[in-house]
Amino acid sequence: MSQTHSFKPIFDKNSKILILGSFPSVISRKFGFYYTNPQNRFWRVLTGVLNSPLPESTDEKIKFLLSHHIAIYDAAISCEIEGSSDAKMSRIIPVNLKPLFKEANIRQVYANGGKAYEICKKYLEGEIIKATKNEVIKLPSTSPANAKFSLEKLAKEWQIIAKNLKEQF
């Protein structure tokens, strides 16, 4: 079934890093915000590596991201997808990152999982390198479908974000 991404990127002029997912899950599309499936470990991993309390509400999540100079969005603005499975994505239309890069000083882009990375490499790589002078970095997916990665193993891999932010400030 064809789906269109219905919510805006989270960023401001102070955002330094951008984390791109692939496309919102069914639950995220239902609630209109990123990583709202309680089984997705995105918020737990990110707050863990940044040593911050877990935000509960959408407003708290936005405040958390912006206070840490993090932008989030998804690599696909539209696609054919069955359920929430990245493996079932087809007819992908990539997102337009130009407005985000124009307003924020993004220095590094991270892909949350293999599909997000694949979309970045196939459609967005030139735009990302032009804006950041860096290639996109692939991180293991925080999705519950990525069962081979425990929360601890994810946190170890995602620690690069805390290191990157520390180097910039």
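**Chatting through the helices and loops**

Biologist: Let's start with Arg91: is Arg91 buried or exposed?

Modeller: Arg91 is exposed, with a relative accessible area of 70%. Since anything over 50% goes into that class, the label follows directly. Keep in mind that this is a predicted model.

Biologist: Where is Arg91 found?

Modeller: You'll find Arg91 in strand β5. There is something else to look at in its backbone: Arg91 is not a glycine, yet its phi is positive, about 45°.

Biologist: Okay, which residue that follows α5 also has a positive phi?

Modeller: That's Lys133, which comes after α5 and has a phi near 70°. Lys133 is not a glycine either. Look for Lys133 in the loop between α5 and β7. With a relative accessibility of 65%, Lys133 counts as exposed.

Biologist: Since we've reached α5, how many residues does α5 have, and how far apart are its end C-alpha atoms?

Modeller: Helix α5 runs over residues 114–132, so it has 19 residues. Its end C-alpha atoms are only 20 Å apart, while a straight helix would reach 27 Å at 1.5 Å a residue.

Biologist: Where is the kink in α5 centred?

Modeller: On Leu124, and the kink there is about 85°. Try following the backbone through that residue on your screen. Leu124 is also one of the buried residues of α5.

Biologist: Which other residues of α5 are buried?

Modeller: Besides Leu124, the buried residues are Lys115, Ala116, Ile119, Cys120, Glu127, Ile128 and Thr132.

Biologist: And what do the buried residues of α5 pack against?

Modeller: They pack against four strands and a helix: β2 (17–21), β4 (76–80), β5 (90–94) and β6 (108–112), plus α4 (98–103).

Biologist: Let me pick on α4 then. Is Lys102 in that helix buried or exposed?

Modeller: Lys102 is found in helix α4, and it is exposed, with a relative accessible area of 76%. You can also compare its place with Ala131: the two are 29 residues apart in sequence, while their C-alpha atoms are 8.5 Å apart in space.

Biologist: New topic: what about α6, how far does α6 reach?

Modeller: From its first C-alpha to its last, α6 reaches 26 Å with 18 residues. That is close to the 26 Å expected at 1.5 Å a residue.

Biologist: Where is the kink in α6 centred?

Modeller: The kink in α6 is centred on Glu157 and is about 40°.

Biologist: Which α6 residues are buried, and what do they pack against?

Modeller: Leu154, Trp158, Ile161, Ala162, Asn164 and Leu165 are buried in α6. The buried residues of α6 pack against α2 and the strands β2, β3 (70–74), β6 and β7 (137–139).

Biologist: At what angle do α2 and α6 cross?

Modeller: At roughly 55°, with their axes coming within 8 Å. That angle makes α2 oblique to α6. The crossing is right-handed. On the α2 side the contact is made by Phe42, Arg44, Val45, Leu46 and Val49. On the α6 side it is made by Leu151, Leu154, Ala155, Trp158, Gln159, Ile161 and Ala162.

Biologist: How do α2 and α3 cross?

Modeller: The axes of α2 (residues 42–49) and α3 (residues 58–67) come within 12 Å and cross at roughly 40°. These two helices are therefore oblique to each other. Their crossing is left-handed. Trp43, Leu46 and Thr47 of α2 make the contact with Lys61, Phe64 and Leu65 of α3.

Biologist: Last topic, the loop between β4 and β5. Is Ile81 there buried or exposed?

Modeller: Ile81 lies in that loop, and it is buried, with a relative accessible area of 4%. Anything under 20% counts as buried. Ile81 and Gln3 are 78 residues apart in sequence, but their C-alpha atoms are 6.9 Å apart in space.

Biologist: And what is the relative accessible area of Asp86?

Modeller: Asp86, which is in the loop between β4 and β5, has a value of 26%, so it is partly exposed.

Biologist: Which residues is Asp86 in contact with?

Modeller: Setting aside neighbours within four places in sequence, Asp86 is in contact with Ser22 and Lys115. Lys115 is among the buried residues of α5 that we listed earlier. As for Pro24, its C-alpha atom is separated from that of Asp86 by 9.7 Å, and the two residues are 62 residues apart along the chain.

Technical notes: Residues numbered from 1 in each chain as written. Predicted model: local features only at pLDDT ≥ 70, side-chain atom pairs only at ≥ 80, totals over all residues. Heavy atoms only, no water. Expected span 1.5 Å × (residues − 1). Bend = angle between axes of the 7 residues up to and from the residue. Buried < 20%, exposed > 50% of the residue type's maximum accessible area, 1.4 Å probe, protein only. Contact = heavy atoms within 4.5 Å. Axes fitted to C-alpha atoms, helices over the stretch in contact; angles between N-to-C directions. Parallel < 35°, antiparallel > 145°, perpendicular 65-115°, else oblique. Left-handed = near helix turned anticlockwise from the far one by under 90°.
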